[in-house]
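Reader: I would like to go through this model with the ligand in place. Please keep the answers short.

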Amino acid sequence: MNFEFNEEQDRFREDLRHFLNDELTDEWRGIYGSNAHATVQLTRDICVALAERGWLTLSWPKEYGGSDGDLWSQMVLREEMWAHGEPRGPQYMNLNYIGPMIMRFGSEEQKQRFLPPMAAGSVIWTQGFSEPGAGSDLASLRTRAEDKDDHFVVNGQKIWNSYANSPADWCLLLVRSNTEEKKHRGISVLLVDMTTPGITVRPIRSMGGFGEINEIFFEDVVVPKENLLGPQDGGWPLITYGLSFERTGIATHGRALRTIEQLIDYVRTTERDGRRLCDDPEIRTKIADLYCRYRAARLISYRVTSMVEAGKEPVAEASMAWIHGGQATQEAARVGMEIVGWNGLLREGESDAPIGGAMEREWIEMIPMSIGAGTVDIQRLIVAQRGLGLPKAG
Ligand SMILES: Cc1cc2nc3c(=O)[nH]c(=O)nc-3n(C[C@H](O)[C@H](O)[C@H](O)COP(=O)(O)OP(=O)(O)OC[C@H]3O[C@@H](n4cnc5c(N)ncnc54)[C@H](O)[C@@H]3O)c2cc1C
């Protein structure tokens with residue numbers, strides 16, 4: 001178990017950092033916070049530039065437009081993306097788990113049709129899982145797909161759909177295709193063209209800005225049978241596969257480290273009451289504690305990667321990595337707000353905002369880390385059941 005990166009991987013990290021420093025503009029503010037068209041366009045440009053270098057789908061097989069890269073180089077890529085605010089924007093979903101789901105469960109025709117545009121960075125997908133009555137209990141979903149021989153007719157509503165109005169070109173949609181079966185059994189996965197008549201996207205105003213998350217309404221939407229992914233009524237294993245990729249595909253700890261580094265710079269260069277902040281023992285211990293949390297989160301994340309490399313399925317470990325990565329980022333921002341003091345409430349663009357308003361932004365933007373991809377409560381239940389072998393809660 002050697003968690004040192006090799007020379008080639010270290011060089012790759014350096015190359016990536018140079019690339020991101022050159023390509024990211026001042027207007028870039030990360031995946032949360034702004035869904036302005038300028039930002040979405042910037043993420044499109046970055047994805048195309050990454051694709052040209054073979055980095056966008058680094059670990060995908062060559063036959064689907066990837067570079068056959070190893071899992072640890074992919075980890076380097078994830079860490080650097082998150083440390084730079086995830087400039088792949090909406091496309092991180094295609095790359096992290098929608099593409100791998102199609103690779104694993106799609107027909108050869110679906111692979112040839114859907115994977116190359118993802119690998120070229122030219123397509124945006126949204127995820128249509130949650131509904132007003134089905135979040136943690138996803139299997140209760142009610143969006144209905146009626147079987148009409150060569151097509152389905154879809155009616156229902158989804159909610160909290162990230163980037164649906166970017167606009168997304170395609171939706172990975174979960175539907176109830178059989179009402180006779182038990183709830184986990186009658187679910188199918190459809191690949192839905194978002195320009196199909198009958199689809200309406202309505203942006204939701206949230207802390208993250210207007211339009212980062214959305215509702216999607218489906219009214220008599222016709223989806224051809226060729227767009228069914230995996231077996232009809234047998235979509236549940238695809239969902240668990242996709243969700244574990246979603247949880248492990250994001251190197252949240254990379255973002256925690258960036259916040260910690262910003263704080264270190266700040267306390268080194270800022271004086272309060274005639275004393276440098278970095279000389280205050282309380283501040284030093286707070287930052288040291290953040291660094292311990294970051295290192296623990298990173299270690300669990302690396303453990304997950306080493307399990308995948310060994311061909312094991314890291315279910316409880318993926319949940320642990322998600323809990324710790326999310327909490328490391330949230331805690332870094334919370335402690336950051338304490339250290340910068342009242343001025344920390346000033347937003348980006350205000351002249352007195354410490355670190356350019358970075359702590360306030362991070363503090364708000366990291367709140368969804370406790371909710372998205374399954375809440376922390378649900379992740380803990382997975383650890384209890386799958387990691388500790390406790391019986392399923394009654
Ligand atoms: C920023 C953001 C982006 C998102 N993007 C998408 C997206 O692109 N596509 C998509 O489909 N969804 C998306 N979601 C939705 C997300 O997956 C759900 O919000 C999440 O699964 C929780 O579901 P819910 O909101 O219905 O809450 P609920 O399931 O109603 O949970 C409410 C509370 O009860 C707790 N709870 C529920 N069940 C249990 C239990 N059995 N034991 C203990 N506690 C429990 C939860 O932890 C939570 O605190 C996004 C959410 C956010 C915040």
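Reader: By class, what does the shell around the ligand have?

Author: This is a predicted model. In total, 16 residues surround the ligand, and S130, S136, W160, T375 and D377 are the closest. By class, two residues of the shell are charged, seven are polar and seven are nonpolar.

Reader: Which element gives the most to the shell around the ligand?

Author: Two elements, β7 (209-224) and α11 (376-387), each supply at least two residues of that shell. With three residues, the element that gives the most is α11.

Reader: From which domains does the shell around the ligand draw at least three residues each?

Author: The closest residues include S130 and D377. The bounds of one domain are 126-234 and those of another are 251-387, and the shell draws at least three residues from each. These are domain 2 and domain 3.

Reader: How far is an oxygen atom of the ligand from an N or O atom in the side chain of D377?

Author: Polar contacts are pairs of N or O atoms within 3.5 Å. A backbone N or O atom of S130 lies 2.7 Å from a ligand oxygen, and an N or O atom in the side chain of S162 is 2.8 Å from a ligand nitrogen. For the side chain of D377 and an oxygen atom of the ligand, the distance is 2.4 Å.

Reader: How much of the accessible area of the ligand does the protein cover?

Author: On its own, the ligand has 980 Å² of accessible area. The share covered by the protein is 64%.

Reader: Which element gives the largest share of the lining of the second largest pocket?

Author: The second largest pocket has a volume of about 350 Å³. It is lined by 17 residues, and R13, R17, E80, A83 and L257 are the closest to its centre. At least two lining residues come from each of α1 (7-23), α3 (71-83), α7 (252-269) and α8 (281-309). The largest share, five residues, comes from α7.

Reader: How many charged residues does the lining of the second largest pocket have?

Author: The lining draws at least three residues from each of domain 1 (7-123) and domain 3 (251-387). By class, five lining residues are nonpolar and three are polar. The number of charged residues is nine.

Reader: Which peptide bond is cis, with omega near 5°?

Author: Most peptide bonds are trans. P167 lies in the loop between β3 (151-159) and β4 (170-176). The cis bond, with omega near 5°, runs from S166 to P167.

Reader: What is phi of E86?

Author: Most residues other than glycine have a negative phi. E86 lies in the loop between α3 and α4 (92-105). E86 has a positive phi, near 50°.

Notes
Residues are numbered from 1 along each chain as its sequence is written. This is a predicted model: local features need pLDDT of at least 70, side-chain atom pairs count only at pLDDT 80 or more; totals for chains, interfaces and linings use all residues. Side-chain values use heavy atoms; hydrogens and water are left out. A residue is near a molecule or strand if one of its heavy atoms lies within 4 Å of it. A polar contact is a pair of N or O atoms within 3.5 Å; within protein, one must be able to donate a hydrogen and the other to accept it, and residues adjacent in sequence count only if both atoms are side-chain atoms. Accessible areas come from the Shrake-Rupley method with a 1.4 Å probe; for residues, only the protein chains shown count as cover. Helices (H or I, at least four residues) and strands (E, at least two) are DSSP runs, numbered from the N terminus. Ala, Val, Leu, Ile, Met, Phe, Trp, Tyr, Cys and Pro count as nonpolar, Asp, Glu, Lys and Arg as charged, and the others, Gly among them, as polar. Domain bounds come from an automatic or database domain assignment. On a 1 Å grid over the protein atoms alone, a cavity is a set of points where a 1.4 Å probe fits but cannot get out, and a pocket is an open set with protein on both sides within 12 Å along at least five of seven lines; lining residues have an atom within 4 Å of a point. Grid points are joined across faces, edges and corners, and a volume is the space filled by probe spheres set on the points.
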